[in-house]
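Let's take a walk through this protein together, starting from a single residue and working outwards. Have the sequence and the 3D view at hand as you read.

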Amino acid sequence: MAIAYPHFFGPKKVDPSLVVSSTATQSSPPPVILSQDELKKVAAYKAVEFVESGMVVGLGTGSTAKHAVDKIAELLHSGKLKNIVGIPTSKITHEQAVSLGIPLSDLNAHPIVDLAIDGADEVDPQMNLVKGRGGSLLREKMVEAATKKFIVIVDESKLVNHLGGSGLAMPVEIVPFCWEFTLKRLEMLFIEAGCVGKLRKGGDSEEPYVTDNGNYIIDLYFKKDMGDLKDASDAILRLAGVVEHGMFIDMATTVIVAGKLGVSVTNKE
C-alpha cells in the first residue's frame with residue numbers, strides 16, 4: 001500500500017506494521033484515528049530504531065523530538081541501548097535528558113555526531129526544512145550540521161510544497177542591538193514575496209522572546225514563494241546583525257512522516 005504523499009520525496013519505504021487499512025469492510029473494526037501528538041510519537045519511536053549502542057546522538061528540541069528523547073532514555077534504562085552520549089540542542093532538552101538520566105556532552109568533546117533526531121516545522125518535497133518556531137534553531141543547526149545522519153520526524157501536517165508555504169513563521173535569530181533596523185532589512189530582501197517580519201514576543205508577555213544564546217528572533221511570513229533557497233539563505237546571512245536562519249537546506253538524510261495511512265521513511269538519494 002502506498003502512502004498518500006505521492007508528490008513528496010518520490011518512492012519511499014512504508015512500515016507495514018504501522019499502516020491503517022483504507023479498505024475496511026463491514027466486518028472489519030473501524031480504522032484507528034490517531035491524534036497529532038500520537039502521530040508525532042509514532043514518528044519519533046520509528047526514528048529511535050536507528051539508534052545503536054555506543055553512538056553519540058544529537059537530541060532535538062520540540063514536541064516531536066521530546067518523544068524520541070523519552071524513548072532513548074527508556075531503552076537505556078532497560079539495557080537495550082548502552083554507552084549512548086547525548087548532545088542536546090537546547091536548554092530545555094538538556095533539562096529533559098538530565099532528568100531522564102541520559103549521559104550528556106557537547107560538540108567541544110564530540111565534534112562528530114553519529115546521528116541526530118529532530119522535528120521540523122515544514123518539510124518540502126526536496127527534504128529542505130523550516131525549523132526554529134520553538135526558538136532553538138541556532139543550536140539545532142550547529143549539532144545537526146555536525147552529524148553523519150540527520151533524521152527528521154514529523155506528522156503529515158508539516159508537509160509543504162515550498163518553504164514558507166504554510167503561511168507560518170520562518171524564524172531568523174538576530175542580535176538585540178537595533179533589532180528594528182534588522183527587521184526592516186530582512187523585509188526588504190523579500191519584498192517581492194510579500195514578506196512581513198515580526199519580533200517574537202515571550203509567551204503572554206510583551207517583552208521580546210530571548211533565545212538560549214541571548215538573542216532575539218524575527219519571524220518572517222511570506223505571501224509568495226521566496227525563490228531559490230540558497231540565494232535566500234546567502235542574502236539573509238550577509239546582513240550584519242543576523243546570527244542564523246531557520247532554513248535547513250540539504251541537511252536532512254532521512255525524513256519519517258507519520259500520517260493517517262501509516263509511516264513513510266524516505267532516505268536522501
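**A tour from one loop outwards**

Cys178 is partly exposed, with a relative accessible area of 43%. Bear in mind as we go that the model is predicted. You will find Cys178 in the loop between β8 and α5, the helix of residues 179–189. What draws the eye here is the backbone: phi of Cys178 is near 50°, a positive value in a residue other than glycine. Most residues other than glycine have a negative phi.

Asp250 gives us a second case, with a positive phi of about 55° although it is not a glycine. Asp250 sits in the loop between β12 (247–248) and β13 (254–259). Its relative accessible area is 43%, and Asp250 therefore counts as partly exposed. We will come back to Asp250 further on.

Now step back to the whole chain. The protein chain has six helices and 14 strands. Of its 269 residues, 48% count as buried. If we take the contacts with a separation of 6 or more, residues 24 or more positions apart account for 74% of them. The protein chain exposes about 13000 Å², and carbon and sulfur atoms supply 54% of that area.

From here, follow the chain back to β8, the strand before the Cys178 loop. How are the strands around β8 ordered? Four strands form an open sheet in the order β9-β10-β8-β11, and their pairing is antiparallel. β9 (196–199) and β11 (242–245) stand at the edges with a single partner strand each, so one side of each is left without a neighbour in the sheet. From one strand to the next, the twist averages 30°. Strand β8, residues 170–174, runs antiparallel to β11, and three bridges join the two. To see the register, look at Val172, which stands opposite His245 in β11.

Helices pack on this sheet as well. Helix α4 (residues 137–145) touches β8, β10 (216–221) and β11, and its direction makes about 65° with that of β11. Helix α6 (residues 229–237) also packs on the sheet, where it touches β8 and β11; the direction of α6 makes about 160° with that of β11.

Let's return to α5, the helix that follows the Cys178 loop. Which residues of α5 are buried? They are Thr182, Leu183 and Leu186. These residues cover an arc of only 105° around the axis, which puts them on the same side of α5. An α-helix has 3.6 residues a turn, so residues three or four places apart point the same way. The buried residues of α5 are covered by elements that include β8, β9, β10, α6 and β11. Turn to the other side of α5, and you meet Lys184 and Met188, which are exposed.

The last stop is the charged side chains. Side chains of opposite charge can pair when their charged atoms come close. The structure holds 13 salt bridges, and a few of them are worth tracing in the view.

Begin with Asp114 and Lys148, whose side chains meet in a salt bridge (3.4 Å, N to O). Asp114 lies in strand β4 (residues 113–118) and Lys148 in strand β7 (residues 147–155), so the pair ties together parts that are 34 residues apart in sequence. At 22% relative accessibility Asp114 counts as partly exposed, whereas Lys148, at 58%, counts as exposed.

Next come Lys260 and Glu156, which also meet in a salt bridge (3.4 Å, N to O). Lys260 is in the loop between β13 and β14 (262–267) and Glu156 in the loop between β7 and β8, so this pair ties together parts that are 104 residues apart in sequence. Lys260 is exposed, with a relative accessible area of 60%, while Glu156 is partly exposed at 23% relative accessibility.

What does the side chain of Asp250 meet in a salt bridge? Its partner is Lys268, at 4.0 Å from N to O. Asp250 belongs to the loop between β12 and β13 and Lys268 to the segment after β14, so the pair ties together parts that are 18 residues apart in sequence. Lys268 counts as partly exposed, at 36% relative accessibility.

Finally, look for Asp118, Lys131 and Glu140, which are linked in a network of salt bridges.

Technical notes:
Residues numbered from 1 in each chain as written. Predicted model: local features only at pLDDT ≥ 70, side-chain atom pairs only at ≥ 80, totals over all residues. Heavy atoms only, no water. Buried < 20%, exposed > 50% of the residue type's maximum accessible area, 1.4 Å probe, protein only. Contact = heavy atoms within 4.5 Å. Areas by Shrake-Rupley, 256 points an atom, 1.4 Å probe, with all protein chains shown as cover. Pairing = 2+ DSSP bridges. Axes fitted to C-alpha atoms, helices over the stretch in contact; angles between N-to-C directions. Arc of directions from axis to C-beta.
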